[in-house]
Amino acid sequence: MAKKIKIRASLKNDVTTVKAIMTHPMETGSRKDKESGELIPAHYIQAVIVSLNGEQVFNADWGTGVSKNPYLSIKIKGGAVGDNVALTWKDNLGESETAETKIKAK
Amino acid sequence: MEITRRKAIKGASLAALALSSSGLMKTALATAFDSTDYSESLELFLGDKELSAGDIKIKAPEVAANGATVPIEITSSIEDTQSISIFVENNPRPYIATFHINPRIEATVSLRVKMRETSNIVAIVKTDAGHFVAKQSVKVTAGGCV
């Protein structure tokens, strides 16, 4: 599968800023297909998890109101250059994806 | 019909909250996400807990040209912030998201939300001392497909 999550982690003043863009349609289930007029089934990310060196440090519950191709930025206290940061999302259809990056100095 | 359904949902969720079993709590949360009415989604989310004004900063554009993607940043300066939840009052499904905060991360998140029309963005912070709220109005000139 093509890389669907872009993730960056940078360390500055002892704070690691994680920024990610996930490729996902975030369909609400109430939008209609323009040609067929039929409802497009809901398809959205429900859970996002961020871990530092394999240990979970953050999670979020999402509904359909988060924009398509969601952007998320959080700040982890501490972290060191070269540490591993991973982000996983899970959607309402049971699909999931994970991307990893190493913390870089800013 | 609509009223009966809402009452049924409310009843079920209050029962779930009263039992406060984690499985049932998740059901109440899912119902809050599905709710199409702001006060109802808030009630499902909070249960019988009260909201007080708190030191929460919402960074959002005064005017959003594109409601499909409105960038917002929420920062809580409240001690012992456990979670930050976001609602958009006038959206068809007002409950947007909850971000769980712990001592290893700072109580600030940035994301982009959908907005159907001009509305308040509501941020709710949960702590052991209670629930705190802040609001900010965003004028939407072209609504997003929500």
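## Two chains, one shared sheet

Reader: Let's start with S5(A): which of its residues point to one face and are buried?
Author: This is a predicted model, and in it the side chains along S5(A) alternate. Tyr71(A), Ser73(A), Lys75(A) and Lys77(A) point to one face and are not buried. Pointing to the other face, and buried, are Leu72(A), Ile74(A) and Ile76(A).

Reader: What does S5(A) pair with in chain B, and over how many bridges?
Author: Strand S5 of chain A covers residues 71-77, and its partner in chain B is S7(B). Two of the buried residues show up here: Ile74(A) has Val109(B) as its bridge partner, and Ile76(A) stands opposite Ile105(B). The two strands pair in the antiparallel sense, and the number of bridges is 4.

Reader: And inside chain A, how many bridges join S2(A) to S5(A)?
Author: These two strands run antiparallel. One pair to look for is Val15(A), whose bridge partner in S5(A) is Lys77(A). Altogether, the bridges joining S2(A) to S5(A) number 7.

Reader: What is the bridge partner of Ile5(A) in S2(A)?
Author: Ile5(A) belongs to strand S1 of chain A, residues 5-12. That strand runs antiparallel to S2(A), residues 15-22, and 8 bridges join them. In S2(A), the partner of Ile5(A) is Met22(A).

Reader: Which strands stand at the edges of the sheet?
Author: The open sheet has 7 strands with mixed pairing, in the order S8(A)-S1(A)-S2(A)-S5(A)-S7(B)-S4(B)-S2(B). Each edge strand has a single partner strand, so one side of each is left without a neighbour in the sheet. The strands at the edges are S8 (104-105) of chain A and S2 (56-59) of chain B.

Reader: What pattern does chain A follow along the sequence?
Author: Chain A has 0 helices, so to speak only of what is there, count its strands: 8 of them. Read along the sequence, the pattern is β-β-β-β-β-β-β-β.

Reader: What percentage of the residues in chain A are buried?
Author: Chain A has 106 residues, and its C-alpha trace spans about 50 × 25 × 20 Å along its principal axes. The share of its residues that are buried is 32%.

Reader: Which element gives the most to the side of chain B that touches chain A?
Author: On that side, 26 residues of chain B are in contact with 24 residues of chain A. The elements of chain B giving two or more residues are helix H2 (22-34), strand S6 (95-100) and strand S7 (105-113). By class, the residues on this side are 15 nonpolar, 6 polar and 5 charged. The one that gives the most, with 8 residues, is S7(B).

Reader: Moving to helix H3 of chain B, how wide is the arc its buried residues fall within?
Author: H3(B) covers residues 38-46, and its buried residues are Ser41(B), Leu42(B), Leu44(B) and Phe45(B). Seen down the helix axis, they line one face, because they fall within an arc of 165 degrees.

Reader: Which residue just after H3(B) takes a positive phi?
Author: Look just past the end of the helix, where phi is about 70 degrees. The residue there is Gly47(B).

Reader: Which element gives the largest share of the side of domain 1 of chain B that touches domain 2?
Author: Chain B is divided into domain 1 (1-48) and domain 2 (50-146). Their contact takes 10 residues from domain 1 and 8 residues from domain 2. On the domain 1 side, H2 and H3 of chain B each give two or more residues. The largest share, 5 residues, comes from H3(B).

Technical notes
Residues are numbered from 1 along each chain as its sequence is written. Chains are lettered from A and ligands numbered from 1 in the order in which they are written. This is a predicted model: local features need pLDDT of at least 70, side-chain atom pairs count only at pLDDT 80 or more; totals for chains, interfaces and linings use all residues. Two strands pair if DSSP finds at least two bridges between them. Two residues are in contact if their C-beta atoms, placed from the backbone, lie within 7 Å. Ala, Val, Leu, Ile, Met, Phe, Trp, Tyr, Cys and Pro count as nonpolar, Asp, Glu, Lys and Arg as charged, and the others, Gly among them, as polar. A residue is buried if 20 or more other C-beta atoms lie within 10 Å of its own, exposed if 12 or fewer, and partly exposed in between; C-beta atoms are placed from the backbone. The arc is that of the directions from the helix axis to the C-beta atoms. Domain bounds come from an automatic or database domain assignment.
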